[in-house]
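Before reading on, please look over the sequence and the structure shown here. The paragraphs that follow go through a sheet, a helix pair, a nonpolar core and a chain interface in turn.

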Amino acid sequence: MDFLSYLINGLGLGSVYAIIALGYTMVYGIAKMLNFAHGDVIMVGAYVAFFSISNLGLPLIPAVLLSIVVCTVLGVVIERLAYKPLRAASALSVLITAIGVSYFLQNAAQLLWSSSTKVFPSVISNGGISWNGLTVSWLTLITIGVCVLVMICLTLFINHTKTGRAMRACSEDKGASTLMGINVNLMISITFAIGSGLAAIASVLLCAAYPSVFPTLGAMPGIKAFTAAVFGGIGSIPGAFLGGLLLGVIEIFAKAYISTQLSDAIVFAVLILVLLIKPTGLLGKRIREKV
Amino acid sequence: MKTKMKMPALLSGKYRGRTVSYSIVLVSWLILEVMMHTGNLSSLFTSLLVPVCCYVVAAIGLNLNVGISGELNLGQACFMSVGAFTAVCLSGSLGPAVPSLARLILSIVAGALVATVFGILIGIPVLKLEGDYLAIVTLAFGQIVKSLITNMYFGIDSNGFHFSFVDNNVSLAAGGKMLLNGPMGATGTDRISTFTAGIILIILSLIVVYHLIYSRSGRAIMAARDNRIAAESVGIAIFKTKMLAFGVSSCLAGAAGALYGLNYSTLVPAKFDFNTSILLLVYVVLGGLGNMTGTIIATIVLVLLPELLRSMQDYRMLIYAIVLILIMLLTNNETIRVWGQKLKNRFMTKGGAAHGRES
C-alpha cells in the first residue's frame with residue numbers, strides 16, 4: 001500500500017512538472033531557445049493568485065483565470081520585447097537575455113512584494129478518497145486530472161486545428177512556413193502565450209501543495225521541469241508529459257526509499273543515465289547530421 | 001617614397017590579444033596595490049579583490065570550454081566547489097604548522113588537481129552528447145556535486161580523519177576540528193588567500209590558455225568546434241581534443257575555487273549553485289566568446305557593477321538585469337553592429353580577435 005500511495009503522490013508532483021515542462025518544450029520546439037525565465041513566470045502566477053485570493057477575496061476559479069490572463073500577457077510581452085529582436089542572434093545571446101529576464105522578474109517581485117515568504121491560503125479541502133486503506137488527497141487527484149485534461153486539449157489543439165498545424169509547420173521549417181503564408185511571429189507569440197498560461201495553472205497547483213510564495217519560488221521547479229522536458233526529449237509534447245510524470249515519481253520514490261537529502265542528486269543521476277542510453281531523451285527525434 | 005608604419009611585434013597579429021590581456025592584469029594590479037598601500041581603497045573594494053580574481057580565472061576556463069571548444073557548460077561552479085572544499089580541507093588538515101604561503105600553494109594545486117580529475121570523470125559521459133543535451137547534463141552534474149558536498153561531514157582529530165555521509169556521525173576527540181559540516185560547509189578556515197596570489201593565478205591561467213589556443217591541439221579544438229565532420233575526416237580525435245579543453249577548464253575552475261575558499265572563514269556549499277555557473281557564463285558571453293581580454297574586462301565590470309550601484313540600494317539588481325538585457329539587444333542590433341564594424345575597420349588593423357566565433 002505504501003508503494004501505491006508513493007506512486008500516486010509521485011504522479012501528482014509529476015503532473016505539476018509536466019505542465020511546466022510543456023511550456024519549456026513548446027517554446028524550444030518552435031523558437032529553438034531555452035526560456036530560462038519560464039520558472040519566474042510561475043512565480044508571478046503564484047503571486048497574482050495569492051493576491052487575488054487573499055486581498056481581493058476572489059474564489060479559486062476566478063483567481064486562477066486572472067492569474068492565467070496576467071501570465072499569458074506577461075509571456076507575450078517578454079517575447080515581443082526581449083526575444084523577438086534576437087531572432088537572428090546566436091543561441092547563447094538569447095540564453096543570456098532569458099537569464100536577464102529571469103533576474104529582472106525576480107528582483108521586480110522582490111521590490112514590489114518584498115522578499116518575505118507569504119503563506120498561500122489553503123484552497124482545496126484537506127480530505128480525500130479512502131479505499132482499502134489507501135488515501136488519496138483531493139489535491140493530488142485534481143492535479144493529476146488537470147494535467148491529463150491539459151494534455152488532451154493541447155494534443156487536440158496541436159494536431160487538429162489550423163493554428164496547431166501552423167505551429168508545427170513553424171517548428172519544422174520557418175522559411176518554408178513563411179512562404180506558405182503562415183505568420184511565424186504570431187505563431188511564436190501564441191506558443192509563448194500557451195506556455196505562460198500553463199505556467200499560471202502550474203503555479204496554483206504548486207502553491208496548493210507547498211503553500212509558500214516568495215520571489216525565487218519558480219527557480220527549482222523551473223530547473224526540474226526543464227530537466228523533465230529534456231528527459232522526455234525536448235521539443236516533444238508527449239515527451240514532456242512522460243518526462244514530467246517520471247521525474248515526479250522518481251523524486252518521491254527516492255525520497256521515500258533512499259534518502260530525502262539525496263533525492264535531487266538521484267533525480268539528476270537518472271537523467272544522466274537516460275541521456276547516455278538515449279542521447280535525445282525518451283521520445284526525442286534523432287536527427288543525424290549530414291555532411 | 002612611401003613607408004608603411006610598422007607595428008611592434010607584440011602589438012600586431014596574434015600577439016595583440018595576449019599583450020593587451022597581460023597588460024590589463026599587470027596595470028590593474030599595480031594601480032590597486034598602490035591604492036591599497038596609500039589607503040585610497042575602501043574596505044568594500046579591498047574585500048572584493050580576491051573574489052574578482054577567482055571569477056576571472058574561472059571565467060577564463062569557461063571561455064576555453066564555451067568559446068574555443070564550443071560546448072555550453074552550465075556547471076562550471078561545481079568544479080569551483082570541488083576545488084574550494086578540497087583546498088579548505090587540505091589547508092585545515094595541514095594546520096598552522098605549515099607556513100601560510102606553502103599551504104596556499106599546496107591547497108590551490110590540490111584543488112586544481114582534484115577538480116581536473118572530476119572534470120575528466122564528468123567529461124567522459126558529458127562529451128558523448130551534443131548541444132543542449134550536453135548543457136543539461138553539465139547542469140545535472142552541477143546539482144549532483146552540490147548535493148553530495150552538502151551531505152559530507154569531515155573532521156580531523158588526534159586519531160586521524162573522520163568521514164561520514166548523509167548522517168552526521170563524526171564524533172571528534174577533544175581538540176579535534178570539523179572541516180566540512182554538511183549544509184553548513186566549511187567554518188573556521190584560515191584566510192590565507194592574497195590579492196597577489198590571485199593576480200599570479202590569473203597570469204598563469206592566461207599563459208596556459210593562450211599556449212593551448214595557439215598550439216596544434218588548440219587549432220584541433222577549434223576545428224572540431226567549427227566543423228566536427230570535417231575535423232574528424234582529417235584525423236582529429238574529437239573526443240580527446242574536447243576532453244583536453246574540458247579538463248583544462250575544470251582545472252582552472254578548481255584553482256579559482258581553492259583561492260576563493262581560502263578567502264573566507266566560512267563557506268557554504270550552496271554558494272556554488274546553478275546561479276554561480278550562470279553568472280560565469282554571463283561574463284564569458286558578454287566579454288565575447290573566445291576572447292580572453294573581453295572575459296577579464298566583463299568579469300571585473302560585472303562583479304563591480306552591483307557594488308557601484310549600491311547607492312541605488314534596492315534597485316541595483318533590477319538595473320543589473322536591465323543592463324544585461326539591453327547589452328544583448330544592442331550588440332545584436334543590425335544597425336549598431338554595422339556602425340561598430342565601420343568604426344573597427346577605421347581604427348584597427350587586420351588580425352587580432354580572430355578567435356571568436358564567426359557570427
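Two strands are taken to pair if DSSP finds at least two bridges between them. With that criterion in hand, and bearing in mind that this is a predicted model, one can turn to chain B, where 3 strands form an open sheet in the order β2-β1-β3, with antiparallel pairing. The edge strands of chain B are β2 (160-165) and β3 (177-181), each of which pairs on one side only. Direction ignored, neighbouring strands of this sheet are turned by 15° against each other on average.

Between strand β1 (residues 152-157) of chain B and β3(B), which run antiparallel, there are 4 bridges, and Ile156(B) has Lys177(B) in β3(B) as its bridge partner. Across β1 and β3 of chain B lies helix α3 (residues 76-94) of chain B, which runs at about 175° to β3(B).

Chain B also holds a pair of packed helices. Two packed helices are described by the angle between their axes and the distance between the axes. For helix α2 (residues 43-68) of chain B and helix α6 (residues 195-213) of chain B, the angle is about 10° and the axes are 8 Å apart. Since angles under 35 degrees count as roughly parallel, α2(B) and α6(B) are therefore roughly parallel to each other. On the α2(B) side the residues that meet α6(B) include Leu49(B), Cys53(B), Val57(B), Ile60(B) and Leu64(B), while among those on the α6(B) side are Phe195(B), Ile199(B), Ile202(B), Leu206(B) and Val209(B). By class, this contact of α2(B) with α6(B) is made up of 16 nonpolar and 3 polar residues, with no charged residues.

Two of the residues just named return in the nonpolar core: the largest such core has 193 residues, and those with the most contacts inside it are Cys53(B), Val57(B), Ala58(B) and Leu259(B). What is Ala58(B) in contact with, leaving aside its neighbours within four places in sequence? The residues in question are Gln76(B), Met80(B), Leu252(B), Ala253(B), Ala256(B) and Leu280(B).

The last step is the interface, where 37 residues of chain A are in contact with 31 residues of chain B. On the side of chain A that touches chain B, the elements that give two or more residues are α4 (91-113), α9 (219-232) and α11 (263-277) of chain A, and the largest share, 12 residues, comes from α4(A). Divided by class, the residues on this side of chain A are 26 nonpolar, 9 polar and 2 charged.

Note on methods. Residues are numbered from 1 along each chain as its sequence is written. Chains are lettered from A and ligands numbered from 1 in the order in which they are written. This is a predicted model: local features need pLDDT of at least 70, side-chain atom pairs count only at pLDDT 80 or more; totals for chains, interfaces and linings use all residues. Axes are lines fitted to C-alpha atoms, for helices over the stretch in contact, and angles run from 0 to 180 degrees between N-to-C directions. Angles under 35 degrees count as roughly parallel, over 145 as roughly antiparallel, 65 to 115 as roughly perpendicular and the rest as oblique. Two residues are in contact if their C-beta atoms, placed from the backbone, lie within 7 Å. Ala, Val, Leu, Ile, Met, Phe, Trp, Tyr, Cys and Pro count as nonpolar, Asp, Glu, Lys and Arg as charged, and the others, Gly among them, as polar. A nonpolar core is a set of buried Ala, Val, Leu, Ile, Met, Phe, Trp, Tyr and Cys residues joined through C-beta atoms within 7 Å. A residue is buried if 20 or more other C-beta atoms lie within 10 Å of its own, exposed if 12 or fewer, and partly exposed in between; C-beta atoms are placed from the backbone.
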